[in-house]
Amino acid sequence: MTRVVADPADVARALLAGGLAIIPTETVYGLAARADDASAIARLYAAKGRPADHPVIVHVHDVAALDPSAGWVRALPSYAHDLADAFWPGPMTLVLPRGSRAGDDVTGGQDTVAIRVPAHPLARAVLADMDAAHPAAAPHGIAAPSANRFGRVSPTCLRHALDELDGVLAPSDAALDGGTCAVGVESTIVDCTGSLPRILRPGAITGADIEAASGLAVEGAERSEVRASGGLRSHYAPRARVVLCDAGSLDPVPGSGLIAPDDVSTPAGVTRLLCATDSADYARGLYAALREADAIGLETVVAVPPEPDDAGLADAVRDRLRRAAAD
Ligand code: TXA
Ligand code: MG
């Protein structure tokens, strides 16, 4: 049984001592390890069942960690500072030239490192407590992939994270309950290694947001040479088969589940798993709905994606639905 604690300082202590911890963020729950502790990271990869060449995001307390003297990154373009100032703390990850503290185990051996300042108050408290333990040292980083076994749906509440990982954590590891994640899908990943920002994974911070904050055009993900494991086609998949469908051509399979905006009505014999009022509501409920399908043993889930829209989470939701449906 994983030790569930209430005090972020207990998690900070566990991480500083080389342990693992399940921590809440505003996007999804993460499985955390100290980013400069190679043996903790090795245990983290083993717990997730994740291949060793997949890079992880380093979470830091604030933008000070972008100073090259902190060791996490080298030089970075000025637009990366603009994005950090505009959206951190928040659901955005920047891929930057790596510094000497970012080891091969967190970068997957690439020349870049992914950095994020999370907004969830408990994640921030853990980072603040780690830094407070060594006030004179450079800021700590927490390596934290989503707290699911490799290839599975990300957890958006502690129960879901424990369902994934309870059996593989040690008694000295810890878990922190931060309620249900406010965003519900993973952070926007922005490649900042070129002359223009490039979105590698859509999230709550949209291309339009990035253009507004940087004053630059945002390049499409398809031209990027940087690898993102969220880029594997069948990622974020439940056991159930996911079929994408337009509202107009909804052909209900009796006994299936339905994930759709609230203006789509539920056909007879179909289990409604999500009735989303808008794209943010869709994002918040999507992963729990996919898990529910597995929990009640549905074979098929029909999903009606939200309409594309520039401003909200529609792009991110459509991306995750495509991946869940890919096989
Ligand atoms: O919202 C989030 O980002 C959550 C929470 C816990 O912060 N974390 C998360 O981590 O989604 P993970 O490991 O499940 O996904 C991290 C993604 C992967 O697709 C990985 O390939 C990509 O970030 N990534 C990490 N480092 C990278 C790098 N140096 N270059 C390109 N992609 C990188
Ligand atoms: Mg993940």
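Which residues are exposed on the other side of H3? Keep that in mind while we set off; we'll get there after a look at the sheets. One thing before you start clicking: this is a predicted model.

**Stop 1: the sheet of 10 strands**

Start with the sheet whose strands run in the order E1-E8-E2-E3-E7-E4-E6-E5-E9-E10. It's an open sheet, and its pairing is mixed. Now color residues 4–5, strand E1, and residues 198–201, strand E10. These two stand at the edges with a single partner strand each, so one side of each has no neighbour in the sheet.

Next, select residues 21–23 for strand E2 and 174–176 for strand E8. The two pair in the parallel sense, over two bridges. Show side chains here and you'll find Ile22 standing opposite Ala175 of E8.

Two helices are worth adding to this view. Select residues 38–48 to get helix H2, which lies across strand E3 (30–34) and strand E7 (142–143). H2 runs at about 160° to E3. Then select residues 78–87, helix H3, which packs on the sheet and touches strand E5 (92–97) and strand E9 (188–191). The direction of H3 makes about 155° with that of E5.

**Stop 2: around helix H3**

Stay on H3 and bring up its side chains. Tyr79, Ala80, Leu83, Ala84 and Phe87 are buried. They cover an arc of only 145° around the axis, which puts them on the same side of H3. Some helix geometry helps here: an α-helix has 3.6 residues a turn, so residues three or four places apart point the same way.

What do the buried residues of H3 pack against? Turn on E5, E9 and helix H7 (207–214): those are the packing partners. Now spin round to the other side of H3 for the opening question: Ser78 and Asp85 are the exposed residues there.

**Stop 3: the E9–E10 loop and Arg198**

Follow the chain to the loop between E9 and E10 and pick out Gly194. Gly194 has a relative accessible area of 32%, so it counts as partly exposed. If you like drawing distances, try one from Gly194 to Asp315: their C-alpha atoms are 23 Å apart, with the two positions 121 residues apart along the chain.

Move on to Arg198, which sits in strand E10. Is Arg198 buried or exposed? Its relative accessibility is 18%, so it counts as buried. Show the side chain of Glu219 too, and you'll see a polar contact of 2.5 Å between it and the side chain of Arg198.

**Stop 4: a pair of cysteines**

Select Cys157 and Cys181. A disulfide is a covalent bond between the sulfur atoms of two cysteines. How many disulfides does this model have? The count is zero. For Cys157, the nearest cysteine sulfur belongs to Cys181 and is 7.8 Å away. Likewise, the nearest cysteine sulfur to Cys181 is that of Cys157. Cys157 counts as buried at 18% relative accessibility, and Cys181 is buried too, with a relative accessible area of 1%.

**Stop 5: the sheet of four strands**

Now for another open sheet, with four strands in the order E11-E14-E12-E13 and parallel pairing. Strand E11 (241–244) and strand E13 (271–276) stand at the edges; each has a single partner strand, so one side of each is left without a neighbour in the sheet. On average, neighbouring strands of this sheet are turned by 20° against each other, direction ignored.

Zoom in on E11 and strand E14 (residues 300–303), which pair in the parallel sense over four bridges. Leu244 stands opposite Ala303 in E14. Add residues 279–295 for helix H8, which packs on the sheet and touches E11, strand E12 (257–261), E13 and E14. Its direction makes about 165° with that of E13.

**Last stop: helix H9 and Val317**

Select residues 314–325, helix H9, which lies across E11 and E14 and runs at about 130° to E11. Within H9, click on Val317. With 0% relative accessibility, Val317 counts as buried. What is in contact with Val317, leaving aside its neighbours within four places in sequence? Show Ser279, Tyr282, Ala283, Leu286 and Pro306 to see them. To finish, zoom out and draw a line from Val317 to Arg13: these residues are 304 apart along the chain, and their C-alpha atoms are separated by 36 Å.

Notes
Residues are numbered from 1 along each chain as its sequence is written. Chains are lettered from A and ligands numbered from 1 in the order in which they are written. This is a predicted model: local features need pLDDT of at least 70, side-chain atom pairs count only at pLDDT 80 or more; totals for chains, interfaces and linings use all residues. Side-chain values use heavy atoms; hydrogens and water are left out. Two strands pair if DSSP finds at least two bridges between them. Axes are lines fitted to C-alpha atoms, for helices over the stretch in contact, and angles run from 0 to 180 degrees between N-to-C directions. Contact means heavy atoms within 4.5 Å. A disulfide is a pair of cysteine sulfur atoms within 2.5 Å. Buried means under 20% relative accessible area, exposed over 50%, partly exposed in between (1.4 Å probe, protein chains only). A polar contact is a pair of N or O atoms within 3.5 Å; within protein, one must be able to donate a hydrogen and the other to accept it, and residues adjacent in sequence count only if both atoms are side-chain atoms. The arc is that of the directions from the helix axis to the C-beta atoms.
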